[in-house]
Amino acid sequence: MGNHALLKQINKLLILKTILDNKMISRAKISRLVDLNKATVSNLTDELIKEGYIVEKGYGKSKGGRRPVLLQVNKDVGSIIGIDLGVDYIHVILSNFIGEIIFEEYVNIKMEEPKEKLLNLLFDMIEKAIDKAPPTPKGILGIGIGVPGIVEKESGIVLIAPNLKWKNVHLKSIIEQRFDLPVYIDNEANAGALGEKWFGEWGKVSDLIYLSVGIGLGAGIIIDNKLFRGAAGFAGEVGHTTINFQDDVCSCGNIGCLENFASERALLSVIKKLVKEGAEDRYISCENVDEITPSQIIQAAMDGSRICRMAVLEVAEKMAIGIANLVNIFNPEIVIVGNKASFFGDLFLEKLREVVNQKSFIAQFYDLKIEVSKLKDRAVVLGCIAMVISDMLSFPEYV
């Protein structure tokens, strides 16, 4: 009985996702695309209509018989709040059921802000989003949160978020008690991978890796249309793979982690190292090196700064080593580089592709795509919207 109920929920989500991907579609075409018989599709779509998640919307072209009724996702059934809880920012959106943004707020925060202060700011931003929610049949369906750390997904406990200095934070229960709404929490790179799969418009991609590059570095891995979580649910911590045995200590306590060499923090470190060694130009000098931000470095590289170009290329080369290892292990169709790195420019992307093709043993044998996120810094928040929808329908692993 339990297996039957689970299979039914899987099929309902599959049908809903198919309708979302195709905008408007007939039951017969859904049946062909998802390989379910017409009676099953008809029964499940009728349930989704009764529940308010899809609506009948006009007629398609006839192929000899009656014109088929077209189905569409009901974008106004309810609202969803998505939150990207970054190391140095909080990004909140309120969207309708198909990810169209109703309200958005992005706030920069100081690194290592005290937990209580950070939570109070998060509460304020959630309250603003709730206040902006339009009247809908089901109200606010849930809150999805992406966190830069190891999350016990079912309980919503943040076991550790090294760059936030968090340990064993019961974030799900804290937010649920405060707002009396369903809360779904996952690692932010997993959320980013969901965002790309649901809303990135990459076509029929079933195997992808999303690399979230900010202060830290993480990977969301989708294999055969499912998030790959590993035995305990913690897969994807590529930023804490060891690539150097002589390096400084990472925020996680290990030595030589990839994110020490391939992240926004690494970009700043390379610039400071170059200036310390005597490199200067009209963009970077001893006077301003301690105040410069990663976005200013990227802009200066585009504007012609030799030092900033050197720094961008060095970080790209180190990141490419991490990507090459992921490619060799998982053989994805596409690697999507997102979060802050989606703004790093063509120089960065060209170097990534060049080094991955050199370093990855298997990349020479197939058409591997390496791209920057089309969603830019919204991949995680939109992934949190997808997380709420899929978790709400009881089968979070299917994307």
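**View 1. Glutamate 113 pairs up with lysine 117 in a salt bridge.** In this predicted model, the closest N and O atoms of glutamate 113 and lysine 117 sit 3.7 Å apart. The two partners get quite unlike surroundings. Glutamate 113 has a relative accessible area of 16%, so it counts as buried, the cut-off being under 20%. Lysine 117 comes out at 51%, and because exposed means over 50%, that is its label. Why might such partners get together at all? Side chains of opposite charge can pair when their charged atoms come close.

**View 2. Aspartate 186 and arginine 229 form a salt bridge.** Here the closest N and O atoms are 2.7 Å apart. Where along the chain do aspartate 186 and arginine 229 lie? Aspartate 186 belongs to strand S11 (residues 183-187), while arginine 229 is found in the loop between strand S14 (226-227) and helix H7 (264-276). That's a gap of 43 residues in sequence, so this pair ties together parts that are well separated along the chain. As for solvent, aspartate 186 is buried, and arginine 229 is buried too.

**View 3. Glutamate 371 meets arginine 353 in another salt bridge.** Look for the closest N and O atoms, 3.0 Å apart. This pair links distant parts of the chain: glutamate 371 is in strand S16 (residues 369-372) and arginine 353 is in helix H10 (residues 346-359), with their positions 18 residues apart in sequence. Are they buried or exposed? Neither, really: glutamate 371 is partly exposed at 26% relative accessible area, and arginine 353 is partly exposed at 30%.

**View 4. Lys8, Lys12, Glu47 and Glu51 join in a network.** Salt bridges don't have to come as simple pairs, and here they link these four residues together. How many salt bridges does the structure hold? The count is 21.

**View 5. Helix H8 crosses helix H9.** H8 covers residues 294-303 and H9 covers residues 306-330. Their axes come within 7 Å and cross at roughly 115°, so the two helices are roughly perpendicular to each other. The crossing of H8 past H9 is left-handed. On the H8 side, the contact is made by Ile297, Ile298, Ala300 and Ala301; H9 brings Cys308, Arg309 and Val312. What kinds of residues are these? The contact has 6 nonpolar residues, 1 charged and no polar ones.

Note on methods:
Residues are numbered from 1 along each chain as its sequence is written. This is a predicted model: local features need pLDDT of at least 70, side-chain atom pairs count only at pLDDT 80 or more; totals for chains, interfaces and linings use all residues. Side-chain values use heavy atoms; hydrogens and water are left out. Axes are lines fitted to C-alpha atoms, for helices over the stretch in contact, and angles run from 0 to 180 degrees between N-to-C directions. Helices (H or I, at least four residues) and strands (E, at least two) are DSSP runs, numbered from the N terminus. Angles under 35 degrees count as roughly parallel, over 145 as roughly antiparallel, 65 to 115 as roughly perpendicular and the rest as oblique. A crossing is left-handed if the near helix is turned anticlockwise from the far one by less than a right angle, and right-handed if clockwise. Contact means heavy atoms within 4.5 Å. Ala, Val, Leu, Ile, Met, Phe, Trp, Tyr, Cys and Pro count as nonpolar, Asp, Glu, Lys and Arg as charged, and the others, Gly among them, as polar. A salt bridge is a side-chain nitrogen of Lys or Arg within 4 Å of a carboxyl oxygen of Asp or Glu. Buried means under 20% relative accessible area, exposed over 50%, partly exposed in between (1.4 Å probe, protein chains only).
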